[in-house]
Amino acid sequence: MTASIDGQAFKAVQVEWDTVGGVIGLIDDDHFIYLGFPKDIEKGEHSIGKDGVRAYVGGTHSGEATSGTLMLQSAGTPGRKMEGKFDFVAKSDPENVTVTAGRFTVSVGARTAGQGSGSASAKLDEPLEGNLAIEAKTMEYNGEPTAPTALFAMQTKDLQGGLQRFGVIFMLRYDGQGKPSVESGFVAVDFAALITSKPEVTSLKWEPGKSLSFKFTMSFSYNKKDYKIEDGSLDLTF
């Protein structure tokens, strides 16, 4: 994924297919572009901000797109590539962020429900739109079936305040011995992937090809209010 953000070059070092629908390209924890859209989106031009198409930019100034265009040159099916172009303006404080000449290519992953099972839960120190916890009953991931590179733990049911989804996204890296570590963490609220302080991960347990589990905490801001996720727990069985 590449783009120009307020005239500065953006080139993602990691690009992941969002298994719920979308694509995230990131340089590091703080600098990323997220495009959210329905899984069944079709080839062609789409207005950002309509019909479930959203965009979010993280960086020196961060915010959700208020207008823009997503042009899909290929819609993609599981196991194939999706290509697209995008431009948008994101609302931020003190001034808006302009993203131009955006391009991405991503491999569309197959659903992993048949390859593994898992869940994640966490508590919030204050209610967000009436929600005091995340209870993700299912989890999906990218990468090899037994070596995920990105985890998506999303709650899509029983949410308050009109939210469509609420959850966490984790990016993983592996050392020379094949042991994973959590490098980045984001909070997903509807179609936004929100910046967090570097997640604190403890009690990480890894059995190659069998299971992955860890505890986590992280902080984030939403609608100019600060929140902390506490007592987080994630379990994945392959």
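Which residues point one way from S4, and which the other way? In the predicted model, Gly-22, Ile-24 and Leu-26 are directed to one side of S4, whereas Val-23 and Gly-25 are directed the other way. In a regular strand, side chains alternate between the two faces of the sheet. Every one of these residues of S4 is buried. Because 5 of the 5 residues of S4 are buried, the strand is largely enclosed by the rest of the structure.

The pairing of S4 involves S3 and S5. S3 and S4 pair in the antiparallel sense over 4 bridges, and Gln-14 stands opposite Leu-26 of S4. The hairpin of S3 and S4 has 4 residues between the strands, and within this hairpin Gly-21 adopts a positive phi near 130°. S4 is also joined to strand S5 (residues 32–36) by 5 bridges, and these two strands run antiparallel. The bridge partner of Gly-25 in S5 is Ile-33. The connection from S4 to S5 is a hairpin through 5 residues. Leu-26 thus has a place in the description of S3 pairing, and Gly-25 in that of S5 pairing.

Charged contacts were examined next. Side chains of opposite charge can pair when their charged atoms come close. The structure holds 2 salt bridges. One of them is formed by Arg-165 with Asp-18, for which the closest N and O atoms are 3.0 Å apart. Arg-165 is located in the loop between strand S14 (147–155) and strand S15 (166–174), and Asp-18 in the loop between strand S3 (14–17) and strand S4 (22–26), so this pair ties together parts that are 147 residues apart in sequence. Both Arg-165 and Asp-18 are buried.

Lys-225 forms a salt bridge with Glu-126, with a separation of 3.1 Å between the closest N and O atoms. Lys-225 belongs to strand S20 (residues 225–237) and Glu-126 to strand S11 (residues 117–128), so the pair ties together parts that are 99 residues apart in sequence. Lys-225 counts as partly exposed because its relative accessibility is 36%. Glu-126, at 33% relative accessibility, likewise counts as partly exposed.

A further acidic residue, Glu-95, was considered in the loop between strand S9 (81–90) and strand S10 (97–107). Glu-95 has a relative accessibility of 49% and therefore counts as partly exposed, the cut-off for exposed being over 50%. The C-alpha atoms of Glu-95 and Ser-62 are 9.8 Å apart in space, while the two residues are 33 residues apart in sequence.

Note on methods
Residues are numbered from 1 along each chain as its sequence is written. This is a predicted model: local features need pLDDT of at least 70, side-chain atom pairs count only at pLDDT 80 or more; totals for chains, interfaces and linings use all residues. Side-chain values use heavy atoms; hydrogens and water are left out. Buried means under 20% relative accessible area, exposed over 50%, partly exposed in between (1.4 Å probe, protein chains only). A salt bridge is a side-chain nitrogen of Lys or Arg within 4 Å of a carboxyl oxygen of Asp or Glu. Two strands pair if DSSP finds at least two bridges between them.
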